[in-house]
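Please look through the structure below before reading on. The text then takes its parts one at a time.

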Amino acid sequence: MPTFEEIAGFVSEKPLATAVIALLGLAGLALAFLVIRVAWKATAWLLARYVAPRPVEDVLTIMAASIATGVSAQGMWRFSQDVLGLDGPLRLLLFAFIEIAIITSAVRARRNMRENFSAGIDGIAVWALTCLTAVLSSMDARSLPEAVFRLAAPLVAAWLWERGMAIERHRIRGTGRINWRLTPDRALVRLGLAEVSDRTTSEVDAHRRLTRVALAAKRAKALREGGASDRKMRHALAKLDKAMDQAVEHTGLAVDPARQEALLAQIAALYNTSALIDADPRVPWEPEADHHPVPARPALPPALAELVNDEDEDVEVLDTTPQVVSTAERAAQIRAAREFWDRQIAKGIVPRTVDIAQEIGISLATAREYRALWKLEPQAHAIIEALYQQHGIVDTGAFPVLGADGRVLTKH
């Protein structure tokens, strides 16, 4: 570097050359300022146009994928010289053709995603070309760690691109790409190690203990009706008693009305499973093949027409609030309601909800639950069906079946 004295001597000896150099320096500084300003504005425009609207995770994904692609391109630079023997401008032009193909396929896949909601064949091409460049780069590695690193870099870039595509797909479609049938959650549920719902541990344990009581009661009832031996009955009753003791101890069955209702509902459902055989659930929008609408039906007697117009809610029921009773009292109510139901069915009458509630002294909700289950039994169903076929009466109350001559029919 010249000293100050040398510079001063040069200026004094050659003032014209010094002036020219100074002018060229000023022009160079001005040009550098303009270049820096244009570059700054271009960078700010690019940031505002392409970077600012994107989420932070997308920007980081692009940066990391670019770095990984650069590492892969550096491996292909060495591979093109050591293996292919390329040098000079030819090496500069040809070394990164696979990386350029990967970027092209990635851009096309993103466009397909926006237009067709799927990456298509270009998405597969990204992964295929990524694996190709990873293998080629690792083949020129000088050690095992370098080979592993060169294999990993392109795969990391492809994975980041795939995650970016998944986010874009979710934004466009509002859903994930696929719902796997085999997942850790489903496997744990299948093995019985996890629950489908968000029930607590105490709720799950209570449900299982109440189910054990209901199943034990059903088995004891089946053995008694089948005329089982005393030994089998003692064993069944002992099992029922043990399940009941555990339920009372661990679930608060004796003081919890909700648990009592759940147990009675399970028992009622298990005791009447045979009624499901005669159930006839029809699809409302698909008429029966042999269904022929009746143009006119016999007129109803005045007394029966008055019954048809009655609704359950119009009848005053004293017990309109949920009842809190003991298990023994509830069981007695069920037996009384069942005996009343059987007597009315034997007369050819299907009791209404309010009839059961007034006769037994239970709430409408409880009576409605019993009736909804018992009316599926064969005899009750036959009465309701006959009323509908002969008089078009929908099941809303206790109506006897009428014959063509107006007589009440009690046998079906």
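Which residues lie nearest the centre of the largest pocket? In this predicted model, they are A217, I267, Y271, A331 and R335, out of 26 residues that line the pocket. Four helices each give two or more residues to that lining: α9 (201-225), α10 (230-251), α11 (257-271) and α13 (327-346). The biggest share comes from α13, which gives eight residues. By type, the lining divides into 16 nonpolar residues, two polar and eight charged. The volume of the largest pocket is about 880 Å³.

Enclosed spaces come next. There are two cavities of 30 Å³ or more, and the largest cavity holds about 70 Å³ of space. The residues E261, L264, A265, A268, I334, E369, Y370 and W374 line the largest cavity. Here the elements giving two or more residues are α11 and α15, with α11 giving the most, four residues. Six of the lining residues are nonpolar and two are charged, while no polar residue takes part. Helix α11 thus appears in the lining of the largest pocket and in that of the largest cavity.

The chain as a whole can now be described. The chain has 412 residues, and buried residues make up 28% of them. Its secondary structure consists of 16 helices and two strands. Among contacts between residues at least 6 apart in sequence, 62% join residues at least 24 apart.

Where does the largest nonpolar core draw its residues from? This core has 15 residues, and W341, I345, V350 and I356 have the most contacts inside it. At least two residues of the core come from each of α13, α14 (353-360), α15 (364-374) and α16 (378-391). One of the residues with the most contacts in the core, I345, touches V350, P351, Q379, A380 and I383, leaving aside residues up to four places away in sequence. Apart from this core there is a second, separate one of twelve residues, which includes A106, A109, V126 and W161.

V126 leads to helix α6, which covers residues 120-139. This helix of 20 residues reaches 30 Å from its first C-alpha to its last, close to the 28 Å expected at 1.5 Å a residue. Its buried residues are D122, G123, V126, T130, T133, A134, L136, S137 and S138. An α-helix has 3.6 residues a turn, so residues three or four places apart point the same way. The buried positions D122, V126 and T130 can be followed along α6 with that in mind.

Helix α3 can be read in a similar way. It spans residues 56-82, and its 27 residues reach 40 Å between the first and last C-alpha, close to the 39 Å expected at 1.5 Å a residue. Buried in α3 are D58, A65, A68, S72, A73, G75, M76, R78, F79 and S80. The list includes the charged residues D58 and R78.

Is D185 buried or exposed? The residue sits in helix α8 (residues 184-190). D185 counts as exposed because its relative accessibility is 58%, and the cut-off for exposed is over 50%. Its C-alpha atom lies 9.2 Å from that of E195, a residue ten places away along the chain.

Technical notes
Residues are numbered from 1 along each chain as its sequence is written. This is a predicted model: local features need pLDDT of at least 70, side-chain atom pairs count only at pLDDT 80 or more; totals for chains, interfaces and linings use all residues. Side-chain values use heavy atoms; hydrogens and water are left out. On a 1 Å grid over the protein atoms alone, a cavity is a set of points where a 1.4 Å probe fits but cannot get out, and a pocket is an open set with protein on both sides within 12 Å along at least five of seven lines; lining residues have an atom within 4 Å of a point. Grid points are joined across faces, edges and corners, and a volume is the space filled by probe spheres set on the points. The expected span of a helix is 1.5 Å times one less than its number of residues. Buried means under 20% relative accessible area, exposed over 50%, partly exposed in between (1.4 Å probe, protein chains only). A nonpolar core is a set of buried Ala, Val, Leu, Ile, Met, Phe, Trp, Tyr and Cys residues joined through side-chain atoms within 4.5 Å. Contact means heavy atoms within 4.5 Å.
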